[in-house]
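I'm opening a fresh notebook page for this one. I'll jot down what I look up as I go.

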Amino acid sequence: MTIKIAPSILSADFARMGEELRALETSGADYVHVDVMDGHFVPNFTFGPPLIKHWRKHSTLPFDVHLMMDNADAYLAAFADAGADILTVHAEACPDLAATLKNIRALGCKAGVSLKPATPVDVLKPLLPQIDLILVMTVEPGFGGQSFMTDQMDKVRTLRSWIDHQASPVELEVDGGIAPDTIATARTAGADVFVAGSAVFKTPDYAANIAALRAAAQA
Ligand code: DX5
Ligand code: ZN
């Protein structure tokens, strides 16, 4: 199974984002993971469509946009217009998840759904044909640099078996605390896309940090 590494620019230097994105371009990253926080769904703020639109000019990598926000429906078109390739909403924040997923695809983006640690996987089963990516949070969303929650691996295993038993492909992403010492656990449970903030941006050689993650995942 091919794995993808998605560096989270939450850990990048926001004042030098153009440079940071250009560095990722040649680092072996597969996606750029873009963490949107609204100060309401999660207790932290980051950025919205205008900044993403500027950053888009500095990268050719797919933008994997993780919407940690309430009322995402009202902003999907703005995020699509800003250049998102994947739009991932939170199941907990969407009153009509099926309609939201449909809207995302209608905007020309891949449709993602994320689950907080306390949210069971059941809600996703009937929706699988409408989903392109499932993001299992392995920390409480809101901040980088937290510890990986191994207890989320049961959810990853269940989702992997559902995905493998249905026709359309769905990527299975994990986000939070992914580092060389945790990535293999998530890989073995069945994840194939790995978000990493601290582990990629902790030291200046992003290519080496990404290579270390890839090697650890495949070990
Ligand atoms: C947390 C974000 C993550 C975060 C991961 O709410 O969704 O993407 O940046 O950071 P690390 O890899 O440092 O746990
Ligand atoms: Zn994220």
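Below are my entries, starting with the sheet and ending with a helix near the end of my list.

**Entry 1: the sheet**

First thing to note: I'm working with a predicted model. I looked up how the strands are laid out, and 8 strands make an open sheet in the order 1-8-7-6-5-4-3-2, with parallel pairing. Its edges are strand 1 (4–7) and strand 2 (32–37), each of which pairs on one side only. I also checked the twist: on average, neighbouring strands are turned by 25 degrees against each other, direction ignored. A reminder to myself on what holds such things together: strands of a sheet pair through backbone hydrogen bonds, either parallel or antiparallel.

**Entry 2: walking across the strands**

I started with strand 2, which is joined to strand 3 by 6 bridges, running parallel. Here His 33 stands opposite Asp 64 in strand 3.

Next I went to strand 4 and strand 5, a parallel pair with 5 bridges. Leu 87 has Ala 111 in strand 5 as its bridge partner. Helix 4 (residues 97–106) packs on the sheet, and I found it touching strand 4 (86–90) and strand 5 (110–115). The direction of helix 4 makes about 145 degrees with that of strand 5.

Strand 5 and strand 6 are parallel too, over 4 bridges, and Val 113 sits opposite Ile 134 in strand 6. From strand 6 to strand 7 I noted 5 bridges, again parallel, with Val 136 opposite Val 174 in strand 7. Strand 7 (residues 171–175) then pairs with strand 8 (residues 193–196) in the parallel sense over 3 bridges, and Glu 173 stands opposite Val 193 in strand 8.

**Entry 3: how covered are the strands?**

How many residues of strand 5 are buried? I get 5 of the 6, so strand 5 is largely enclosed by the rest of the structure. For strand 6 (residues 133–137) the figure is 5 of 5. Leu 133, Leu 135 and Met 137 point one way from strand 6, Ile 134 and Val 136 point the other way, and all are buried.

Strand 2 made me look twice, being an edge strand that pairs on one side only. Still, 6 of its 6 residues are buried, so strand 2 is largely enclosed by the rest of the structure. Both of its faces are covered, with Val 32, Val 34 and Val 36 on one side and His 33, Asp 35 and Met 37 on the other.

**Entry 4: the nonpolar cores**

I looked for nonpolar cores next. In soluble globular proteins, nonpolar side chains tend to be buried together. The largest core here has 68 residues, and Ile 9, Ile 52, Val 65, Leu 67 and Ile 134 have the most contacts inside it. I picked Ile 52 to follow up: leaving aside neighbours within four places in sequence, Ile 52 is in contact with Val 34, Val 36, Phe 47, Phe 63, Val 65, Phe 79 and Ala 82. Another core of 9 residues lies apart from the largest one, and among its members are Tyr 31, Leu 135, Met 137 and Val 139.

**Entry 5: the zinc ion**

Which residues are the protein donors of the zinc ion (ligand 2)? I find His 33 (NE2), Asp 35 (OD), His 66 (ND1) and Asp 175 (OD), lying 2.0 to 2.3 Å from the ion. The site has 6 donor atoms with angles of 67 to 170 degrees among them, and is octahedral. Along the chain the donors follow the spacing H-x1-D-x30-H-x108-D. One pair links distant parts of the chain: His 33 in strand 2 and Asp 175 in strand 7 are 142 residues apart.

I checked exposure for that pair as well. His 33 counts as buried because its relative accessibility is 0%. Asp 175 is buried too, at 8%.

**Entry 6: an odd loop residue**

Most residues other than glycine have a negative phi. Asn 71 has a positive one, near 55 degrees. I located Asn 71 in the loop between strand 3 (63–68) and helix 3 (76–82). Is Asn 71 buried, exposed or partly exposed? At a relative accessible area of 47%, Asn 71 is partly exposed.

**Entry 7: Ala 217**

Last lookup: Ala 217, in helix 8 (residues 206–218). Its relative accessibility is 6%, so Ala 217 counts as buried. Not counting residues up to four places away in sequence, Ala 217 touches Ile 3, Ile 183, Ala 184 and Arg 187. I also noted that Ala 217 and Lys 4 are 213 residues apart in sequence and 10 Å apart in space, C-alpha to C-alpha.

How values were computed: Residues are numbered from 1 along each chain as its sequence is written. Chains are lettered from A and ligands numbered from 1 in the order in which they are written. This is a predicted model: local features need pLDDT of at least 70, side-chain atom pairs count only at pLDDT 80 or more; totals for chains, interfaces and linings use all residues. Side-chain values use heavy atoms; hydrogens and water are left out. Helices (H or I, at least four residues) and strands (E, at least two) are DSSP runs, numbered from the N terminus. Buried means under 20% relative accessible area, exposed over 50%, partly exposed in between (1.4 Å probe, protein chains only). Contact means heavy atoms within 4.5 Å. Two strands pair if DSSP finds at least two bridges between them. Axes are lines fitted to C-alpha atoms, for helices over the stretch in contact, and angles run from 0 to 180 degrees between N-to-C directions. A nonpolar core is a set of buried Ala, Val, Leu, Ile, Met, Phe, Trp, Tyr and Cys residues joined through side-chain atoms within 4.5 Å. Donors are N, O and S atoms within 2.8 Å of the metal (3.2 Å for Na, K and Ca); water is not among the atoms, so sites may look incomplete. Four donors count as tetrahedral if all angles lie between 85 and 135 degrees; four count as square planar and six as octahedral if opposite donors are over 155 degrees apart and all others between 65 and 115; anything else is irregular.
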